[in-house]
Amino acid sequence: MKILVTGGAGFIGCNFVRHVLRQRPEDEVVVLDKLTYAGRLENLEEVMAGITFVKGDICDGAVVKDVMDGCSSVVNFAAESHVDRSITSPEDFVRTDVLGVFTLLEEARRRDIDKFVQISTDEVYGSTASGSFSEADILDPSSPYSASKAGGELLARSYVKTYGLDVVVTRSSNNYGPFQYPEKLIPVLVIKALGGQPLPIYGRGTNVRDWLHVEDNCRAIDLVLEKGAPGDIVNIGSGNEVSNIEVARRILQHMGKPESFISYVDDRPGHDFRYSLHWERIREMGWEPSIDFDKGLKATVDWYVENEGWWKPIV
Ligand SMILES: NC(=O)c1ccc[n+]([C@@H]2O[C@H](COP(=O)([O-])OP(=O)(O)OC[C@H]3O[C@@H](n4cnc5c(N)ncnc54)[C@H](O)[C@@H]3O)[C@@H](O)[C@H]2O)c1
């Protein structure tokens, strides 16, 4: 199988490329990535010999046409992904997360690609104080990031009904693990703690996220690639609902630092209070999350401690 992985130099994408090469070394993997601030060739260093890497934009139809040549499936991770940046520069999000998806879909339908997996997010449902979202629930995104992701996935799903393209959408909860760009909560907190700096926590830190280890997510995405039916929407959660303040406390505990490092900062505008998913569909496909949050968090803290050379140039 020849797979096109777009956004494969980013956090989840590079972990997915590793996962595929471990599981099916015979597969051909083509990575298309624009190498924005979030995409880094270093993320693919140890697998570079086993893949074809192309630097390019998913909004560029000519590049997309070239890289899709001979591919039977596409997994689209490419996105602008940081909510805070979407508040200050929403145009970039509409461009990549909607127009980029459109450009990929157009080429995919021309070639009648066997399977197109669009990586979406639990943020498209918006926030809920209680209960959990199922795939049939309405979308109510709060930020330009989640709204653009919702636009991209709706467009992708329209290609199933309109053109018969085999599209599957995944909506996962918050990922954590190695290679996550140090603007997202967990790497920010670990790196601040390592430097002996205050750990910035929005508002009172009571916002809740369901933390999913990136390797569990990659396993789930691979299963969806194999077993997803046209038009499927698949939630991927982990049952690790933890408040931001509790995440900060556990990180400090793992690192042997005092809670006095925590520093409250002004809340993010429109900050969703809680995300929560039901994930029966992926369970029916044979998936369960396997990485305990405390163990995964400790391993992630250790990874950042041991890989200062990876994050220092960015910070
Ligand atoms: N990180 C999470 O917790 C999370 C949770 C749910 C869903 N998602 C989704 O998963 C996907 C991957 O997220 P991530 O955290 O790895 O993001 P990331 O920001 O770490 O990586 C995004 C990658 O896409 C590339 N990219 C951006 N614009 C591009 C363009 N126009 N053309 C080609 N490449 C481009 C970047 O260079 C980067 O390598 C995104 O679609 C995101 O919405 C992420």
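How many residues of domain 1 are in contact with how many residues of domain 2? The model is predicted, and in it 16 residues of domain 1 are in contact with 12 residues of domain 2.

Start with the two domains themselves. Domain 1 covers 2-175 + 211-236. Domain 2 covers 182-209 + 240-272 + 291-311. Their C-alpha centres lie 26 Å apart. Now look at the side of domain 1 that touches domain 2. Helix H3 (83-88) and helix H7 (214-227) each supply at least two residues there. H3 gives the most, with 3 residues. By class, this side has 3 nonpolar, 8 polar and 5 charged residues.

Next, find the sheet. It is open and has 7 strands. Their order is S3-S2-S1-S4-S5-S6-S11, and the pairing is parallel. Which strands sit at the edges? They are strand S3 (52-55) and strand S11 (233-236), and each pairs on one side only. From one strand to the next, the twist averages 20 degrees.

Walk across part of this sheet, pair by pair. Begin with S1 and strand S2 (residues 28-33). These two run parallel, and 5 bridges join them. Lys2 has Glu28 in S2 as its bridge partner. Move on to the pair made by strand S1 (residues 2-6) and strand S4 (residues 73-76). They also pair in the parallel sense, over 4 bridges. Here Ile3 stands opposite Ser73 in S4. Then comes the pair of S4 and S5, again parallel, over 4 bridges. In this pair, Asn76 stands opposite Gln118 in S5. One rule helps when you look at any such strand. In a regular strand the side chains alternate between the two faces of the sheet.

Now add a helix. H7 packs on the sheet and touches S4, S5, strand S6 (167-172) and S11. The direction of H7 makes about 145 degrees with that of S5. H7 has already appeared in this tour, as a helix that supplies residues to the side of domain 1 that touches domain 2.

H7 also packs against H1. The angle between H1 and H7 is about 65 degrees, and their axes are 9 Å apart. H1 passes H7 in a right-handed crossing. Which residues make the contact? From H1 come Phe11, Ile12, Asn15, Phe16, His19, Val20 and Gln23. From H7 come Val214, Glu215, Asn217, Cys218, Arg219, Ile221 and Asp222. Sorted by class, the contact of H1 with H7 has 7 nonpolar, 4 polar and 3 charged residues.

Finally, turn to the ligand. There are 30 residues around the ligand. Which of them come nearest? They are Gly7, Gly10, Ala38, Gly39 and Ala79. Three elements give two or more residues to this shell: helix H1 (11-23), helix H4 (90-111) and strand S5 (115-121). The largest share comes from H1, with 3 residues. So how do the residues of the shell divide by class? There are 12 nonpolar, 13 polar and 5 charged.

Put the parts together. H1 packs with H7 and gives residues to the shell around the ligand. S5 pairs with S4 in the sheet, is touched by H7, and also gives residues to the shell. H7 touches the sheet and supplies residues to the side of domain 1 that touches domain 2.

Note on methods:
Residues are numbered from 1 along each chain as its sequence is written. This is a predicted model: local features need pLDDT of at least 70, side-chain atom pairs count only at pLDDT 80 or more; totals for chains, interfaces and linings use all residues. A residue is near a molecule or strand if its C-beta atom, placed from the backbone, lies within 6 Å of it. Ala, Val, Leu, Ile, Met, Phe, Trp, Tyr, Cys and Pro count as nonpolar, Asp, Glu, Lys and Arg as charged, and the others, Gly among them, as polar. Two strands pair if DSSP finds at least two bridges between them. Domain bounds come from an automatic or database domain assignment. Two residues are in contact if their C-beta atoms, placed from the backbone, lie within 7 Å. Axes are lines fitted to C-alpha atoms, for helices over the stretch in contact, and angles run from 0 to 180 degrees between N-to-C directions. A crossing is left-handed if the near helix is turned anticlockwise from the far one by less than a right angle, and right-handed if clockwise.
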